[in-house]
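Thanks for coming. I will walk through one structure today, starting with charged pairs and ending with the empty spaces.

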Amino acid sequence: MLSRRSILFASAAAALSQPMRALHAQTVATATVAERAVTVLSDGAFEMPLAMAARDIAPAEIEAVTRASGPLVSVLNVTCIRQGDATVMIDCGSGANFLPGTGKLGASLEQAGVKPESVTHVLFTHLHPDHFWGALDDFDTPLFPNAKWIADRREIAFWTDPKVYERLPEDRHAFAAGAQRIIKELGDRLEAGSPGHEWAPGIASFDTAGHTPGHVSFELNGADGPLFVLGDALTHPQISFARPQWRPASDHDGDLAVAARQRVLARATAEKAQVIGYHLPGALGRVERDGAAFRFVKAG
């Protein structure tokens with residue numbers, strides 16, 4: 001049994017990344033979709049080894065696509081949607097105990113004037129630490145005390161399965177232990193949803209499993225086209241678009257994740273959708289064709 005200390009200071013997280021100078025609390029991007037105010041808030045950033053960007057790809061080839069020779073900086077972008085009396089968070093950051101440089105959501109919420117008690121819904125793309133561990137505050141109580149919390153039923157089933165440790169490499173065991181602890185603390189506040197349904201008014205989930213077994217993304221529709229909040233369906237501003245067939249080390253099922261990326265890229269291009277990526281610098285942009293592949297065009 002993993003102790004709480006081992007969950008909070010997990011070797012898994014250390015293996016995934018390296019410490020970096022923390023980003024300040026900030027609003028990353030804003031948009032308006034059908035009278036909904038969309039605000040993307042920073043939860044900070046961390047660094048990860050270049051090799052994690054793609055399995056079985058030569059470092060020189062990764063460097064050529066990313067135009068980087070050192071560690072990759074992975075930003076954390078949490079989406080807040082305000083519509084009438086509802087305030088909807090999509091994911092909730094990493095909390096105080098994941099990695100140096102992360103856990104800035106609370107300060108970003110304060111800067112943006114979003115009070116935790118005003119949040120009515122928290123929708124999860126998936127339950128990895130940098131998306132889920134921020135669900136609890138420093139006192140192990142829900143950060144958003146009045147919210148309805150929803151995650152995909154496949155995702156909840158995967159992380160709470162007693163045999164989950166057999167399905168994960170040892171350096172990810174702390175991810176499961178952390179998810180189980182938080183799911184237990186949320187208790188019956190956490191509801192199980194399914195893709196293809198509205199999880200909050202006007203916000204529907206769609207299936208993008210692969211990065212994790214129950215990964216979903218969300219869509220809002222407006223007169224100027226849809227907005228997709230993609231979580232980790234697309235994770236890198238060059239690789240995910242120019243080389244969607246590459247398999248990042250963080251993907252649970254590489255084949256499913258590749259298929260999900262290709263579906264999202266094709267659909268976003270065809271529907272002229274705005275997209276928000278959890279790990280994309282600037283967060284908000286559009287997908288354009290670039291020869292046989294795609295490119296991310298940041299808003300503004």
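How exposed is Asp161, going by its relative accessibility? It counts as partly exposed, at 24% relative accessibility. Before I go on, please keep in mind that this is a predicted model.

Asp161 is a useful place to begin, since Arg167 forms a salt bridge with Asp161. The closest N and O atoms of that pair are 3.7 Å apart. Arg167 also counts as partly exposed, at 44% relative accessibility. As general background, side chains of opposite charge can pair when their charged atoms come close.

How many salt bridges does the structure hold? There are 10. One of them links Arg154 with Asp207, and there the closest N and O atoms are 3.1 Å apart. Arg154 sits in helix α6, residues 153-160, while Asp207 belongs to strand β9, residues 203-207, so this pair ties together parts that are 53 residues apart in sequence. Both ends have some exposure: Arg154 is partly exposed with a relative accessible area of 30%, and Asp207 is partly exposed with 33%.

Another salt bridge is the one between Arg295 and Glu288, with the closest N and O atoms 3.1 Å apart. Arg295 is partly exposed at 37% relative accessibility, and Glu288 is partly exposed at 34%. There is also a network: Asp152, Arg154 and Asp207 are joined by salt bridges that share partners.

Now to the strands. Strand β6 covers residues 148-152, and 4 of its 5 residues are buried, so the rest of the structure largely encloses it. What does β6 pair with? Strand β5, residues 121-123, runs parallel to β6 and is joined to it by 3 bridges. In that pairing, His121 stands opposite Lys148 of β6. Strand β7, residues 190-193, also runs parallel to β6, with 4 bridges between them. Here Ile150 has Glu191 of β7 as its bridge partner.

Strand β11, residues 225-229, is mostly covered too, with 4 of its 5 residues buried. In which sense does β11 pair with strand β10, residues 216-222? The sense is antiparallel, over 5 bridges. A hairpin of 2 residues connects β10 to β11, and Leu220 stands opposite Leu227 in β11. With strand β12, residues 274-276, β11 pairs in the parallel sense over 3 bridges. The bridge partner of Val229 in β12 is Ile276. As a general note, in a regular strand the side chains alternate between the two faces of the sheet.

Next, a helix. Which residues of α4 are buried? They are Leu105, Ser108, Leu109 and Ala112. Looking down the axis of α4, these buried residues fall within an arc of 100°, so they line one face of the helix. The general reason is that an α-helix has 3.6 residues a turn, so residues three or four places apart point the same way. On the face of α4 turned away from the buried side are the exposed residues Glu110 and Gln111.

Helix α4 also brings us to the largest pocket, since α4 gives the most to its lining, with 3 residues. The volume of the largest pocket is about 340 Å³. It is lined by 21 residues, and those closest to its centre are Gly95, Ala96, Leu136, Asp137 and Asp138. The elements giving two or more residues to this lining are α1 (4-8) and α4 (105-112). By class, the lining of the largest pocket has 8 nonpolar, 6 polar and 7 charged residues.

Last, the closed space. How many cavities of 30 Å³ or more does the structure hold? It holds 1. The largest cavity has a volume of about 360 Å³. Of its 25 lining residues, Phe46, Met48, Ser74, Ser250 and His279 are the closest to the centre. Elements β2 (36-48), β3 (72-83), α5 (129-132) and α8 (239-242) are the ones that give two or more residues to the lining of the largest cavity. The largest share, 3 residues, comes from β3. By class, the lining of the largest cavity has 14 nonpolar, 8 polar and 3 charged residues.

That is the tour. I will take questions now.

Note on methods:
Residues numbered from 1 in each chain as written. Predicted model: local features only at pLDDT ≥ 70, side-chain atom pairs only at ≥ 80, totals over all residues. Heavy atoms only, no water. Salt bridge = Lys/Arg side-chain N within 4 Å of Asp/Glu carboxyl O. Buried < 20%, exposed > 50% of the residue type's maximum accessible area, 1.4 Å probe, protein only. Pairing = 2+ DSSP bridges. 1 Å grid on protein atoms, 1.4 Å probe; cavity = no way out; pocket = protein on both sides within 12 Å on 5 of 7 lines; lining within 4 Å. Points joined across faces, edges and corners; volume = space filled by probe spheres on them. Nonpolar A, V, L, I, M, F, W, Y, C, P; charged D, E, K, R; others polar. Arc of directions from axis to C-beta.
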